[in-house]
Amino acid sequence: MRPALRTVMLVAAVLSALLTLLGVTTNASADPVARGVDITPPAIGTCHDLTYDEAWKPSDTDPAVDCSTSHTTVTVKVVTFAKTPDWSDGDALYRRYDAACHRGILDLFAGKAKALQASAYGLWIFFPTKAQRDAGAKWIRCDAALTAGETLAPLPTDGAPTLDALPLDDGVARCRRSKSSDYFATACSKAHSYRATEILKYPSATYPGLRRMKAWANRKCYARLGRSFGYYEWPTRAHWAVGLRYSLCFKTTTS
């Protein structure tokens, strides 16, 4: 049995690398106007036309685009801080934005937690640039995007993205890529090694704790899929608290 991959919708696995790239320095006393640096927090609902590689960068330096034109991400949450955070403390930052950003993406899809967790939609996190942090920026931007292999799929230009009733179309349904791609999520229309085929809900309104949740999901997935069981995901306590309470069982595929 392969070890499971924690479902943190793409961000947790690269947080340390992002913080290293950020180059932690702050200068709260700098005058952003005098420096010509805009530290205005981004706005929820703004759209961005990013490539897959650009989305992996710690900061986005491109301006927002009109949502009626081609774009690949939409901002679902902006976490703001009352005072400048310690940008070097990855764990503390993660605790501040993780649940809030997942609440934002759940709101985007009108609370459809089951469909969202069964989809290849995920979160991409952007920090202020070094110049913005030096000028006193105190925010983190959370974008939703649909991953399709090593690309971001175009989002609708006639309104916010939506999710249909289950089962989802392969262009949206959640699969995972091969080990060479670190098992990253992808729409099932692209090459993948694992497909989410079972969606389970723990039989309690109270979070059972991480160990019990994982053991329950593992046992249930194996009972459902047998030897074809290849992967599973489970909700963390933070995700459970915002309404993302489903576990997923992934069947090994050859697609």
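This passage describes one sheet in a predicted model.

The sheet is open and contains 5 strands. Their order is β7-β6-β8-β10-β9. The pairing is antiparallel. Strands β7 (185-187) and β9 (229-233) stand at the edges. Each has a single partner strand, so one side of each is left without a neighbour in the sheet. From one strand to the next, the twist averages 40°. In general, strands of a sheet pair through backbone hydrogen bonds, and the pairing may be parallel or antiparallel.

The pairings can be followed across the sheet. Strand β6 covers residues 174-176, and strand β8 covers residues 194-201. These two strands run antiparallel and are joined by 2 bridges. Within this pairing, Arg176 lies opposite Tyr194 of β8.

Strand β8 also pairs with β10, which spans residues 246-252. Here the sense is again antiparallel, with 7 bridges. Ala196 stands opposite Phe250 in β10.

Strand β10 is in turn joined to β9 by 4 bridges. These strands too run antiparallel. Tyr231 has Phe250 of β10 as its bridge partner. Phe250 thus appears in two pairings: opposite Ala196, and as the bridge partner of Tyr231.

Burial was examined for β10, with under 20% relative accessible area taken as buried. Of its 7 residues, 5 are buried, so β10 is largely enclosed by the rest of the structure. In the strand order, β10 sits between β8 and β9.

Technical notes. Residues numbered from 1 in each chain as written. Predicted model: local features only at pLDDT ≥ 70, side-chain atom pairs only at ≥ 80, totals over all residues. Heavy atoms only, no water. Pairing = 2+ DSSP bridges. Axes fitted to C-alpha atoms, helices over the stretch in contact; angles between N-to-C directions. Buried < 20%, exposed > 50% of the residue type's maximum accessible area, 1.4 Å probe, protein only.
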